[in-house]
Amino acid sequence: MIASPVVLVYHGVAAVGDDQDPNRLLVSPEHLEAHVRLLRRRGYCFVAAGELAGNGKPSGRTAALTFDDGWRNWLTSGLPVLQRLGVGGTFFVCPGLFGSVHTDVAGEEGALLDEAGARELHEAGMELGSHSLTHPDLRKLSDAELAAELGGSKAAVEAITGSPCRLFAYPYGLYDERVVEAVRAAGYELAFAWLPGPWRPLEAPRLPAPPRHGAGRLALKLLGLRRPGR
Ligand SMILES: [Zn+2]
């Protein structure tokens, strides 16, 4: 059984097939909704991921929805689902990639948000976090490059929200001890990894939500009966 809090991680939101999205980065609005409804039926209470900062680890069954990479379809396909269900989400953006295109997804659904789009999400009551400036493997950067990726993206998110950016998600879920220390030094309070594990605020576990399946597959993952990354 995956321990509470269950922090699900998604990328973009759109109904596409493997031909357009071979790496399965996009989840359909229907599957996203099925996941939320399953967790609600199981008694999970949804919070914004930022509420897990500080003392973190609330008692009881708690879940949070997180989304990585800064997709334009968050606004067109993701936000309407969350608003209809009355749940919040935390959206991790790469300000250095605003307005560009994700190379792994063909066509319109590969488009990334621009700054105005990120502001729109914030104004809709969603939480924004940093996913670095340009999505590198942080372990491979010099100390100066690392500080620029962490500090630059934090400042850019704060310029949009007008409040401290406390949340980070590691690009590709990759980090080492030096990267964790740099994240701490940059002033982040909660930094998310990619896979389940023990709760540590700067290596906080997440569960990749099944991008092509609904409630049944998520239920198996919650029980630990399927490999978390699949
Ligand atoms: Zn990413």
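**Note on the predicted model: zinc site, cores and local geometry**

1. In this predicted model, a zinc ion is held by three residues: D69 through OD, H131 through NE2 and H135 through NE2, at 2.0 to 2.1 Å. Along the chain, these donors follow the spacing D-x61-H-x3-H. The pair D69 and H135 links distant parts of the chain, the two residues being 66 residues apart. D69 lies in the loop between β5 (62-68) and α2 (73-85), whereas H135 lies in the loop between β7 (127-130) and α4 (143-161).

2. Are the donors D69 and H135 buried or exposed? Both D69 and H135 are buried. For H135 the relative accessible area is 15%, and H135 is classed as buried because the limit is under 20%. H135 also has an unusual backbone: its phi is near 65 degrees, a positive value in a residue other than glycine. Most residues other than glycine have a negative phi.

3. H131 shares its location with H135, in that H131 is found in the loop between β7 and α4 and H135 is placed in the loop between β7 and α4. H131 is buried, with a relative accessible area of 1%. Leaving aside residues up to four places away in sequence, H131 touches D68, D69, F92, V93, C94, F168, A169, Y170 and P171. One of these residues, A169, also offers a polar partner: the side chain of H131 reaches the backbone oxygen of A169 at 2.8 Å. H131 and L121 are 10 residues apart in sequence, and their C-alpha atoms are 16 Å apart in space.

4. The nonpolar interior deserves a separate point. The largest nonpolar core has 57 residues, and those with the most contacts inside it are L8, L65, F67, W74, L121, Y170 and V183. Helix α2 supplies the largest share of this core, six residues. A second, separate core of 13 residues includes A49, L167, A169 and L190. In soluble globular proteins, nonpolar side chains tend to be buried together.

5. Two residues of the largest core can be tied to other points in this note. Y170, among those with the most contacts inside the core, is also among the residues that H131 touches. V183 touches L150, F168, Y170, Y188, A191 and L202, not counting residues up to four places away in sequence. F168 and Y170 therefore appear in the contact list of V183 and in that of H131, contact meaning heavy atoms within 4.5 Å.

6. At the level of the whole chain, the model has six helices and 10 strands. Why may the chain be described as a compact globule? With 230 residues, a compact globule would have a radius of gyration near 17 Å, and the chain has 16 Å, which agrees. The C-alpha trace spans about 45 × 40 × 30 Å along its principal axes. Of the 230 residues, 52% count as buried. Among contacts with a separation of 6 or more, 63% are between residues 24 or more positions apart. The chain exposes about 9,800 Å², of which carbon and sulfur atoms supply 51%.

7. A cis peptide bond joins S4 and P5, with omega about 0 degrees. Most peptide bonds are trans. P5 is found in the segment before β1 (6-10). Both S4 and P5 are touched by T62, whose contacts also include V6, Y44, C45, V47 and L52, not counting residues up to four places away in sequence. T62 has its place in strand β5 and, at 5% relative accessibility, counts as buried.

8. R24 is another residue other than glycine with a positive phi, near 55 degrees. R24 sits in the loop between β2 (12-13) and β3 (26-27). At 37% relative accessibility, R24 counts as partly exposed.

9. S28 is placed in the loop between β3 and α1 (29-41). S28 is buried, with a relative accessible area of 10%. Its side chain reaches the backbone nitrogen of H31 at 3.1 Å. Leaving aside neighbours within four places in sequence, S28 is in contact with V13, A14, A15 and P211. The C-alpha atoms of S28 and A182, 154 residues apart along the chain, are separated by 35 Å.

Technical notes: Residues numbered from 1 in each chain as written. Predicted model: local features only at pLDDT ≥ 70, side-chain atom pairs only at ≥ 80, totals over all residues. Heavy atoms only, no water. Donors = N, O, S within 2.8 Å, 3.2 Å for Na, K, Ca; no water. Helix = DSSP H or I, 4+ residues; strand = E, 2+ residues; numbered from the N terminus. Buried < 20%, exposed > 50% of the residue type's maximum accessible area, 1.4 Å probe, protein only. Core = buried A, V, L, I, M, F, W, Y, C linked by side-chain atoms within 4.5 Å. Polar contact = N/O pair within 3.5 Å; in protein donor to acceptor, adjacent residues only side chain to side chain. Rg over C-alpha atoms; globule rule 2.2 N^0.38 Å. Areas by Shrake-Rupley, 256 points an atom, 1.4 Å probe, with all protein chains shown as cover.
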